[in-house]
Amino acid sequence: MSKTLKSVDYGLEKIFDGAQDFLPLLGTDFVEFYVGNAKQAAHFYKTAFGFQSLAYKGLETGSKDEVSYVLQQGKIKLVLTTPLNSKSPINDHLRKHGDGVKVIALWVEDAHKAYEETTKRGAKSYYEPKVHRDKYGEIVTSGIYTYGETVHVFVERKNYNGVFFPGYVAWKSDYNPPSAGLKYIDHMVGNVGWGEMDIWVKWYEEVMGFVNFLSFDDKQIHTEYSALMSKVMSNGNGRIKFPINEPAKAEKRSQIEEYLDFYEDCGVQHLAVATDDIIATVRQLRANGVEFLPPPPQTYYDAIPKRLGSHMELMKEDISVLRELSILVDADEEGYLLQIFTKPVEDRPTLFFEIIQRMGAKGFGAGNFKALFESIEREQANRGTL
Ligand code: FE2
């Protein structure tokens with residue numbers, strides 16, 4: 001690939017020229033989870049994470065085989081889907097993987113062209129372009145497989161003004177917990193198998209026109225016991241970021257291996273969601289019962305002024321509050337970022353969430369990897385899976 005890396009500014013600056021971009025993406029459209037009980041999962045995401053009721057389809061709307069609840073917060077849309085009978089193929093997905101992300105839907109201008117460009121470059125088809133219509137207009141979608149059984153669905157919605165999709169009705173609920181201030185999806189991370197990271201890096205470059213703009217090897221991401229490698233892929237306008245992890249050889253089993261064992265495949269490891277007030281967001285999520293990874297050692301917070309260097313003057317947050325809430329801090333040349341990671345949100349130790357606030361920094365918290373992974377390892381040790 002001959003693309004040159006210019007600059008990256010989370011959705012504001014282009015990574016490469018639009019003319020070269022055969023797959024222009026306008027943003028993330030929605031993320032669909034296959035879950036065992038969508039009604040209860042929807043309650044959890046509303047109560048715990050502050051998502052709002054947006055749309056619904058099910059028996060009442062003529063959907064006989066599956067039910068879906070659509071939740072929204074800021075620009076983030078989650079779709080939670082459960083099969084309504086044993087014939088639905090969704091059961092196979094659930095039996096194998098448990099609850100998890102099936103669809104990362106990407107918002108495009110032209111779903112036919114997105115399908116054509118990606119399949120001609122080697123993408124495996126999930127389904128050919130199809131038109132969904134109702135009285136509010138039409139949406140065109142098409143889909144391709146990515147790692148594991150995960151898929152990308154391209155969504156062209158320029159001729160639609162309904163609440164979400166044809167087939168859905170507005171979901172009016174009497175239960176409306178307050179938003180937690182989550183704004184948009186910052187990045188979505190995939191875990192792939194041994195030796196597969198570069199295969200998927202190449203796939204995102206060749207099939208999707210993404211570029212690899214950051215890499216971390218096992219020398220940077222390791223603890224006493226385990227290691228992993230990661231490469232961050234970005235689309236042309238910088239709005240879509242997909243880091244891809246693979247396990248690396250070490251003394252004990254890494255969190256990536258644990259994920260692969262329990263998801264029984266490659267899949268989405270975490271969704272990082274952005275807030276512009278992480279202290280308020282995390283206070284609220286904790287009060288709502290969201291479980292976060294255990295805190296780093298207390299010396300971590302003593303070392304923050306040194307790690308932040310000149311950014312320390314710009315830092316608005318009080319370190320004692322960050323310590324109280326176990327929020328992590330990292331910095332790069334351009335600024336700092338604040339982040340925290342939940343425990344897995346289902347019983348299999350698979351998918352989790354990251355809450356992130358960027359204050360100029362464009363990295364992914366590499367300076368926190370060691371503290372973070374040691375924290376994850378303590379959890380793995382508790383589960384007997386280290
Ligand atoms: Fe992340």
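Helices (H or I, at least four residues) and strands (E, at least two) are DSSP runs, and they get their numbers starting from the N terminus. Keep that in mind for the labels below, and remember that you're looking at a predicted model.

**View A. Three residues hold on to an iron ion.**
Which residues coordinate the iron ion? They are H187 and H270, each through its NE2 atom, and E354 through OE, at 2.0 to 2.2 Å. Along the sequence, these donors follow the spacing H-x82-H-x83-E. H187 and E354 come from distant parts of the chain: H187 sits in strand β10 (residues 182-191) and E354 in strand β17 (residues 352-359), 167 residues apart. Are H187 and E354 buried or exposed? With a relative accessibility of 2%, H187 counts as buried. E354 comes out at 1%, so this residue is classed as buried too.

**View B. The largest cavity holds about 210 Å³ of space.**
How do you find a hole inside a protein? Rolling a probe the size of a water molecule over the atoms shows where empty space is left. This structure has 4 cavities of 30 Å³ or more, and the largest one is shown here, with about 210 Å³ of space. Its lining is made up of 22 residues, and V189, N245, Q269, H270 and F369 are the closest to its centre. You've already met H270 in View A, where its NE2 atom coordinates the iron ion. Plenty of elements chip in at least two lining residues each, among them β12 (227-234), β13 (241-248), β16 (335-341) and β17. The biggest contribution to the lining is 4 residues, and it comes from α10, the helix that covers residues 369-383. Sorted by class, the lining has 14 nonpolar, 7 polar and 1 charged residues.

**View C. Helix α5 gives the most to the lining of the second largest cavity.**
About 140 Å³ of space lies in this cavity. The lining counts 16 residues, and Q255, P344, F352, I376 and R383 lie nearest the centre. Which helices supply at least two lining residues each? They are α5 and α10, with α5 in the lead at 4 residues. You can split the lining into 7 nonpolar, 5 polar and 4 charged residues.

**View D. Helix α5 is mostly covered, and a positive phi comes just after it.**
How many of the 9 residues of α5 are buried? It's 7 of them: Q255, I256, E257, E258, Y259, L260 and Y263. Q255 may ring a bell, since it is one of the residues nearest the centre of the second largest cavity. Just past the end of α5 comes E264, with a positive phi of about 60 degrees. Most residues other than glycine have a negative phi. E264 has its positive phi although it is not a glycine. You'll find E264 in the loop between α5 (255-263) and β14 (267-275). At 44% relative accessibility, E264 counts as partly exposed, because that label covers values between 20% and 50%.

**View E. S326 has a positive phi too.**
Here's another non-glycine residue with a positive phi, again of about 60 degrees. Where is S326 placed? Look in the loop between α9 (319-325) and β15 (328-332). S326 counts as buried, because its relative accessibility is 10%, and buried means under 20%.

**View F. R157 makes a polar contact with D29.**
R157 has its place in the loop between β8 (151-156) and β9 (169-170). This arginine counts as buried, with a relative accessibility of 15%. Its side chain makes a polar contact with the side chain of D29, at 2.9 Å. Which residues does R157 touch, if you skip those up to four places away in sequence? The list has D29, W107, V108, I139, F164 and F165.

**View G. The second largest pocket has about 430 Å³ of space.**
The pocket lining has 20 residues, and E32, K57, E66, Y127 and H132 lie nearest the centre. Strands β1 (27-34), β3 (66-73), β4 (76-83) and β6 (125-134) are the elements that give two or more residues to this lining. Which element gives the largest share? That's β6, with 4 residues. By class, you get 11 nonpolar, 5 polar and 4 charged residues around the pocket.

Technical notes: Residues numbered from 1 in each chain as written. Predicted model: local features only at pLDDT ≥ 70, side-chain atom pairs only at ≥ 80, totals over all residues. Heavy atoms only, no water. Buried < 20%, exposed > 50% of the residue type's maximum accessible area, 1.4 Å probe, protein only. Polar contact = N/O pair within 3.5 Å; in protein donor to acceptor, adjacent residues only side chain to side chain. Contact = heavy atoms within 4.5 Å. 1 Å grid on protein atoms, 1.4 Å probe; cavity = no way out; pocket = protein on both sides within 12 Å on 5 of 7 lines; lining within 4 Å. Points joined across faces, edges and corners; volume = space filled by probe spheres on them. Nonpolar A, V, L, I, M, F, W, Y, C, P; charged D, E, K, R; others polar. Donors = N, O, S within 2.8 Å, 3.2 Å for Na, K, Ca; no water.
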